[in-house]
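Trainee: Could you take me through the helices in this one, slowly, and then through the side-chain pairs that go with them? I'd like a close look rather than a quick tour.

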Amino acid sequence: MARLEKRYFGELKGKFGDAVFKKLGDNNYVARRPKYTKPDTEEFKVRTNAFKFSCKLASLINANSYLKSVWRSKLGKNVQIHPRLISVNYNAFKNGTVIGNIQLVPDGGFGIKFDSMILDENQLSLKIEPLTSNSSIDPLVEKNIRAVTFIIMTSPVDSSQIPVRIIQLNSAPLQVSLDEELTFNHQVFTADNELLNGYQVKLFFSTLITFDDSNRIIQYSNTFIPML
């Protein structure tokens with residue numbers, strides 16, 4: 001950095017070509033503008049892609065009103081949800097594939113026993129074994145329950161397509177029952193079908209959310225992985 005002895009141009013600040021002008025106290029200085037070179041290493045590309053896909057997932061979770069409410073109640077009012085979601089799911093992505101578990105909701109939910117799943121062009125159906133009293137669900141308070149499912153698709157048929165796509169589906173609500181199997185039906189739209197047909201690998205991540213009579217969220221299940 002060099003100091004300008006004579007102020008031919010007055011007090012200078014800012015950039016001009018490769019020069020950067022700064023004012024410190026009563027003196028003007030000029031320095032060479034640092035050149036930024038974008039890293040081109042494989043590790044950098046892996047981190048960049050993981051960040052990009054975790055950002056996309058975080059945005060979709062945050063845009064889902066049920067999931068956003070769950071995270072807000074867990075984190076409190078002073079913590080930003082979106083950055084937390086990025087950090088929670090960042091390590092799940094690598095090289096355009098999912099290598100770890102996705103977390104739709106915070107830890108600490110109730111457990112469920114998954115039975116089966118059917119996916120066709122009209123709907124996705126999840127069957128859950130009876131919740132039983134061990135689930136901590138109180139049917140006197142928790143009247144309705146619904147499923148939220150994210151489908152993460154990788155390995156596109158057409159290599160020019162985006163390597164990772166994500167679809168989110170909300171099931172219709174069901175009346176809470178602890179003694180019977182529950183089947184959650186999610187409507188699948190035509191646009192969703194077109195995306196599903198364009199990818200070879202499809203991974204499913206779901207959570208169940210309970211509501212009271214006023215449609216206020218009471219509690220949720222841990223994220224689980226349905227299998228076709």
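Mentor: Sure, and keep in mind that this is a predicted model. Let's begin with α3, the helix covering residues 81-89, where Ile81, Leu85, Ile86 and Asn89 are buried. Look down the axis of α3 and those buried residues fall within an arc of 135°, so they line one face of the helix. The general spacing rule is handy here: an α-helix has 3.6 residues a turn, so residues three or four places apart point the same way. As for what sits over the buried residues of α3, the cover includes α1 (42-63), α2 (65-75) and β5 (93-94).

Take α2 next, since it is part of that cover. The axes of α2 and α3 come within 11 Å and cross at roughly 95°. That crossing angle makes α2 roughly perpendicular to α3. If you want to pick out the contact in your viewer, select Lys68, Trp71, Arg72 and Leu75 on the α2 side, and Ile81, Arg84, Leu85 and Val88 on the α3 side. Notice that Ile81 and Leu85 turn up again: they are buried residues of α3, and they also meet α2.

Now step back to α1. Its axis and that of α2 come within 5 Å, again crossing at roughly 95°. So α1 is roughly perpendicular to α2. Here Ile61, Asn62 and Ala63 from α1 meet Ser65, Leu67, Lys68 and Trp71 from α2. Lys68 and Trp71 are worth highlighting, because they meet α1 and also appear among the α2 residues that meet α3.

Between α1 and α2 there is a loop, and Asn64 is in it. Asn64 has a relative accessibility of 3%, so it counts as buried, the cut-off being under 20%. What does Asn64 touch, leaving out residues up to four places away in sequence? The list is Val148, Gln168 and Asn170. With Gln168 there is a specific side-chain interaction, a polar contact of 2.9 Å.

Staying with α1, there is a salt bridge between the side chains of Arg47 and Glu43, at 3.1 Å from N to O. Arg47 and Glu43 are four residues apart in helix α1, so about one helical turn separates them. Arg47 is partly exposed, with a relative accessible area of 38%, while Glu43 is exposed at 56%.

How many salt bridges does a search of the whole structure find? Three. Another one joins the side chains of Glu181 and Lys127, with 3.9 Å from N to O. This pair links distant parts of the chain: Glu181 is in the loop between β11 (174-175) and β12 (182-187), Lys127 is in strand β8 (residues 123-128), and they are 54 residues apart. Glu181 is partly exposed, with a relative accessible area of 41%, and Lys127 is partly exposed too, at 29%.

Then there is Arg216 with Asp212, where the closest N and O atoms are 2.9 Å apart. The two partners sit in contrasting surroundings: Arg216 is exposed, with a relative accessible area of 54%, whereas Asp212 is buried, at 8%.

Let's finish on α4, residues 190-197. Its buried residues are Asp192, Asn193 and Leu196. They cover an arc of only 100° around the axis, so they end up on the same side of α4. Over on the other side, Thr190 and Glu194 are exposed. The cover for the buried residues of α4 includes the strands β7 (114-119), β9 (144-156), β10 (164-170) and β13 (199-211).

Zoom in on Asn193, which belongs to α4. With a relative accessibility of 16%, Asn193 counts as buried, since the cut-off is under 20%. Leaving aside neighbours within four places in sequence, Asn193 is in contact with Asp120, Glu121, Asn122 and Val188. The Glu121 contact involves the backbone: its oxygen lies 2.4 Å from a polar atom of the Asn193 side chain. As for Asn122, it is 71 residues from Asn193 in sequence and 8.4 Å away in space, C-alpha to C-alpha.

Note on methods:
Residues are numbered from 1 along each chain as its sequence is written. This is a predicted model: local features need pLDDT of at least 70, side-chain atom pairs count only at pLDDT 80 or more; totals for chains, interfaces and linings use all residues. Side-chain values use heavy atoms; hydrogens and water are left out. Buried means under 20% relative accessible area, exposed over 50%, partly exposed in between (1.4 Å probe, protein chains only). Helices (H or I, at least four residues) and strands (E, at least two) are DSSP runs, numbered from the N terminus. The arc is that of the directions from the helix axis to the C-beta atoms. Contact means heavy atoms within 4.5 Å. A polar contact is a pair of N or O atoms within 3.5 Å; within protein, one must be able to donate a hydrogen and the other to accept it, and residues adjacent in sequence count only if both atoms are side-chain atoms. A salt bridge is a side-chain nitrogen of Lys or Arg within 4 Å of a carboxyl oxygen of Asp or Glu. Axes are lines fitted to C-alpha atoms, for helices over the stretch in contact, and angles run from 0 to 180 degrees between N-to-C directions. Angles under 35 degrees count as roughly parallel, over 145 as roughly antiparallel, 65 to 115 as roughly perpendicular and the rest as oblique.
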